[in-house]
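Reader: Please take one part of this model and describe it closely, and then place it within the chain as a whole.

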Amino acid sequence: MKRISMIAVAIATLSVTLAASVRAEQKIAEGAGLIRVVGEGQVLRSPDLAVLRLTVLRQAAEASEAVATSTEATRNLIASLVSSGIARDDMQSADFQISPRFDFTAKPDGTPPSSAITGYDARNTLMVRIRKVSEVGNVLDVALKSGVNEGGSVEFMVDDVAGAVDEARKIAVTAAGKSARSVAQASGLRLGPIIAIEDQPAATVFPYASTEARLRSASTNGGVPIVSGMNVITTRVAVSYLVAR
């Protein structure tokens, strides 16, 4: 029964959309015109989530030895992060690699370097989510003291990015209306109703460093200095209006 009612709602919505389209075409046929404008909306959000990628690299003559030392160091890293307040659910293995090392040093007699394997590298990369960005610097300190010796990238994110996109979209629709009224007025036309709204390609999220953010470190008690800045969320909508003289 519920499925039948959902189908009925879908059919009703489609009928309304088709009817609106038909009315718009009739208006255009009667001499009305069409204005299509694109509005952009932006909102700034302070990041409330940070994602670190931390890599433990260990080297040894044999692959098994390199993996064993890398595994032990990674376990120590995880234990240290848990002790510092990071939940296990906020840690995830992101990459694991074993690769041979070669000696490419030129020979004194001028012969080409040997292609023989001289050892192995074992890398174990951990992705760590930090839900209090002010702790990023301190977590990096803990990681470095616990054996991390490669990587360390930091990405600041907005957890509720969908909510920020919705707000930016409202601003974009308002901006589109302002542009449409300006275009209609400049053209001597009378702005009519909206007949179509199209969401432009997916919203973008970029870091934005304000003056205040550049001067404020996310770490306040001696950790690695990290500046979280702000993220700017941008979205665009294309809006079509009927116009008439």
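Author: A residue is called buried under 20% relative accessible area, exposed over 50%, and partly exposed in between (1.4 Å probe, protein chains only). Helices (H or I, at least four residues) and strands (E, at least two) are DSSP runs, numbered from the N terminus. The model is predicted: local features need pLDDT of at least 70 and side-chain atom pairs 80 or more, whereas totals for chains, interfaces and linings use all residues. Numbering starts from 1 along each chain as its sequence is written, and side-chain values use heavy atoms, without hydrogens or water.

The part chosen is helix α3. Because 7 of its 10 residues are buried, α3 is largely enclosed by the rest of the structure. The buried set begins with V136, G137, N138, V139 and L140, and is completed by D141 and A143. The cover over these buried residues of α3 includes the strands β2 (49–60), β4 and β5 (150–157), together with helix α2. Beyond α3 comes G147, with a positive phi near 115 degrees.

Two of the elements that cover α3, namely α2 and β4, also border loops joined by a charged pair. R131 and D90 form a salt bridge (a Lys or Arg side-chain nitrogen within 4 Å of a carboxyl oxygen of Asp or Glu), with 2.9 Å between the closest N and O atoms. R131 belongs to the loop between β4 and α3 (136–145), and D90 to the loop between α2 and β3 (91–102), so this pair ties together parts 41 residues apart in sequence. D90 counts as buried because its relative accessibility is 10%.

Strand β4 itself spans residues 117–130 and includes I117. With a relative accessibility of 43%, I117 is partly exposed. Another salt bridge brings together the side chains of D121 and R123, at 4.0 Å from N to O. D121 is buried, at 7% relative accessibility. Elsewhere, the side chains of R169 and D199 form a salt bridge at 3.1 Å, N to O. This pair connects distant parts of the chain, since R169 is in helix α4 (residues 161–186) and D199 is in strand β6 (residues 190–199), 30 residues apart. Both partners are partly exposed, D199 at 43% relative accessibility and R169 at 26%. Shared partners also join R101, D121, R123 and E150 into one network of salt bridges. The whole structure contains 10 salt bridges.

In the wider setting, the chain has 5 helices and 8 strands, arranged along the sequence as α-β-β-α-β-β-α-β-α-β-β-α-β. Of its 245 residues, 31% are buried. Among contacts (heavy atoms within 4.5 Å) with a separation of 6 or more, 83% are between residues 24 or more positions apart.

Confidence varies along the chain. The mean pLDDT (the predictor's confidence in each residue, from 0 to 100) is 81, and 78% of the residues reach 70 or more. Helix α2 (residues 63–83), part of the cover of α3, has the highest confidence, a mean of 96, while helix α5 (residues 211–215) has the lowest, at 38. Residues 6–20 stay under 50 and have 0 contacts beyond four places in sequence. Residues 209–220 are also below 50, yet that stretch has 20 contacts beyond near neighbours in sequence. Predicted coordinates should not be read in detail where pLDDT is low.
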